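Here are some worked exercises to try with the model open beside you. Have a go at each task before reading its solution.

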Amino acid sequence: MAAWDLAISVEDLGPDAPPVTLSVASDLHVGGVILKLVEKTQIKRDWSDHALWWEQKQQWLLRTSWTLEKYGIHADARLLFMPQHKPVRLCLPSGITLRLLACFSNPVFQTVMGICRMLNIRRPEELSLLRPIEHKKKKKAKDLDEEIYDLTEVPLSSASRPCLYNGMPAHFADSSQMEAIYKMLSVTQPPPAPEVIAKQYRPASVVDKAHIHGRWLDSSRCLMQQGIQENDQIWLRFKFFAFYDIEPKYDVVRLTQLYEQARWAILLEDIDCTEEEMMLFGALQYHISKVSQSEPQMMSSSAAMDDLESALQSLEVKMEGESSTASEMLETMTAPDLNDYLKIFRPKRLTLKGYKQYWFKFQDTSISYFKSKEESIGEPIQKINLKGCEVAPDVNMAAQKFLIRLLIPAPEGMNEVYLRCENEQQYAQWMAACRLGSKGKTLADSSFQSEIQSIRSFLAMQKSSSSSHGNVPASDESINTHSLVSPRYHKKYKPKQLTPRILDAYQNVAQLSLTDAVMRFLQIWQALPDFGLSYVVVRFKGSRKDEVLGIAPNRLIRIDLGVGDVVKTWRYNNMKQWNVNWDIRQVAIEFEGNVNIAFSCVTADCKIVHEFIGGYIFMSTRSREKSDTLNEELFHKLTGGHEAL
């Protein structure tokens, strides 16, 4: 049995203090080392949060029952004894910076769970941490002026849900100062000044966006292993755009921060939208900031009412369940008919022909089309199965353009088809039907009518309503239009030109409550074609040039870097397996129909891509029955790779 002297630096003694030397034996366990160390320092304090960090191996010695021999620690090991929780400056999507204690020893996934628990954000698996974008040296001085709200005194709890008091976590109800911080987290920020927008970093190309996505921290390793130091700045952002179970009543902070992230994505042109949509986003921001001043908080309810409501809900579900068989039979018997003349266009075919009119019939989850209504008894020209396809709107109310863009899965990628509707009535019905069909639902589904309704209300918002000037402010003094739109429109239009257009769109949303307006903003954001795309520059196997891989909640997209066009799309539900060769850092994916792709990553570590794919597959496994418990083990299995194991 070997014995030697072990030098351990104790952080609490200060940076210049010499290391404490202990004489140890190879069979001494880590807990024994800590005990000896604490006795030798002779400092009386709570050491329960402290642990040993092994500098050369970049690992925490958290298994206190393991011996030094089992860990492989010898006399040359550089060990540090320090707290596992340290303060960091956490920048939220709303731009607010908090100073709080984060766990430096657990995997980042658990650290984020702890932060979200403290801030009362449900579904923490949708968020993660990333390194901030470095600013030029000049800005450093200004950064020091930013206001930081201190939450380091908040006790760290291990309960899965914070204890609520007056709709906020108990630790925020301790003082009026803390209460003010919570209100700040749960209330939308006023529109930023145009100068502030102009100063922010704006990704100029897909490659710039890819560089930002290369900054995500690894969820299966701890902060310490990734070079994050005490008091460093890190960003908390929504990473996986699969938002599950949003309840405005319980998700006040979550909804506010999600809205802020969406708003900044639009203001900084991180996501493309049409001019019409930009005016609508501007109008909604104007309305939200106006209403949030008079109606400061989104609904948060008392516990007693919640209990009553959940009891009523479960009773409703039980009663629904008992009568479902009869009602289901009745529904399938009375599925509405949907057939009409529409126009179709296939851009991928090498043809200059435009839209051709056919008689379309919607049945189950498929669309069939025939030359005419009379021929619809026979065989169709083609039958398109919508299950698993992608449905995107392409609408311009001013030009009366109502297009439905379908991306249909095929072995070699995706086939693109456009359907053109004559009017908004027809568009709302067919768009709703296509959306249901893509989810594998028929027109008999109870959500068909509500889907039509939500499409109609969305179209109504985009209509210009110059005739009615009901509750529009007469003067434009109260509205700074350049705070509501992205810099591209600052250059294109003067504020005087923008004001009537934004107020015009505002007419259609002026009646909405704060919660409804925020939800509507998020719905329109989620309906944008590029929504939820995270980019990585990759090099496909056998290719000589760099390309971009877009990772979305339900698919992977191959994008030509030169032109910016989508070359191919692969859906996760056609994926058989994916592997990472960690030695050559290459991701290989196999899809149904013997389709294999492989690529190495240029702007990010392949672990980031692996985590995105595994993360989205994990998000799709969440369901109502097990909604309260987060299967952390499954998340690490899907996203960790061999390094995590």
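**Exercise 1: the first strands**

Asp5 stands opposite Ser23 in β2. Before going on, note that this is a predicted model, in which local features need pLDDT of at least 70, side-chain atom pairs count only at pLDDT 80 or more, and totals for chains, interfaces and linings use all residues. Residues are numbered from 1 along each chain as its sequence is written, and side-chain values use heavy atoms, with hydrogens and water left out.

Task: work out how β1 and β2 pair, and in which sheet they sit.

Step 1. Strand β1 (residues 3–10) is joined to β2 by six bridges, and the two run antiparallel. Strands here are DSSP runs of E with at least two residues, helices are runs of H or I with at least four, and both are numbered from the N terminus. Two strands pair if DSSP finds at least two bridges between them.

Step 2. The order β2-β1-β5-β3-β4 describes an open sheet of five strands with mixed pairing. β2 (20–25) and β4 (59–61) each have a single partner strand, so one side of each lacks a neighbour in the sheet. On average, neighbouring strands of this sheet are turned by 40 degrees against each other, direction ignored.

Step 3. Across β1, β2, β3 (50–54), β4 and β5 (79–83) lies helix α1 (residues 30–41), which runs at about 145 degrees to β2. Such angles run from 0 to 180 degrees between N-to-C directions, with axes fitted to C-alpha atoms, for helices over the stretch in contact.

**Exercise 2: a tryptophan in β1**

Task: is Trp4 buried or exposed, and which residues does Trp4 touch?

Step 1. Trp4 is found in strand β1. Its relative accessibility is 15%, so Trp4 counts as buried; buried means under 20% relative accessible area, exposed over 50%, and partly exposed in between (1.4 Å probe, protein chains only).

Step 2. Leaving aside residues up to four places away in sequence, Trp4 touches several residues, including Leu22, Val24, Leu68 and His74. Contact means heavy atoms within 4.5 Å.

Step 3. Trp4 and Val24 are 20 residues apart in sequence, yet their C-alpha atoms are 5.6 Å apart.

**Exercise 3: an arginine in a loop**

Task: which residues make polar contacts with the side chain of Arg122?

Step 1. Arg122 lies in the loop between α3 (108–119) and β8 (127–130), and is buried at a relative accessible area of 15%.

Step 2. A polar atom of the Arg122 side chain lies 2.7 Å from the backbone oxygen of Asp245. The side chains of Arg122 and Asp251 are joined by a polar contact of 2.7 Å. A polar contact is a pair of N or O atoms within 3.5 Å; within protein, one must be able to donate a hydrogen and the other to accept it, and residues adjacent in sequence count only if both atoms are side-chain atoms.

**Exercise 4: an enclosed strand**

Task: why is β22 largely enclosed, and which strands pair with β22?

Step 1. Five of the five residues of β22 (residues 555–559) are buried, so the rest of the structure largely encloses this strand. Arg555, Ile557 and Ile559 cover one side, with Leu556 and Arg558 on the other.

Step 2. Four bridges link β22 to β21 (residues 547–551), antiparallel, and Gly550 stands opposite Ile557. β22 and β23 (residues 566–571) also pair in the antiparallel sense, over five bridges, where Thr569 is the bridge partner of Ile557.
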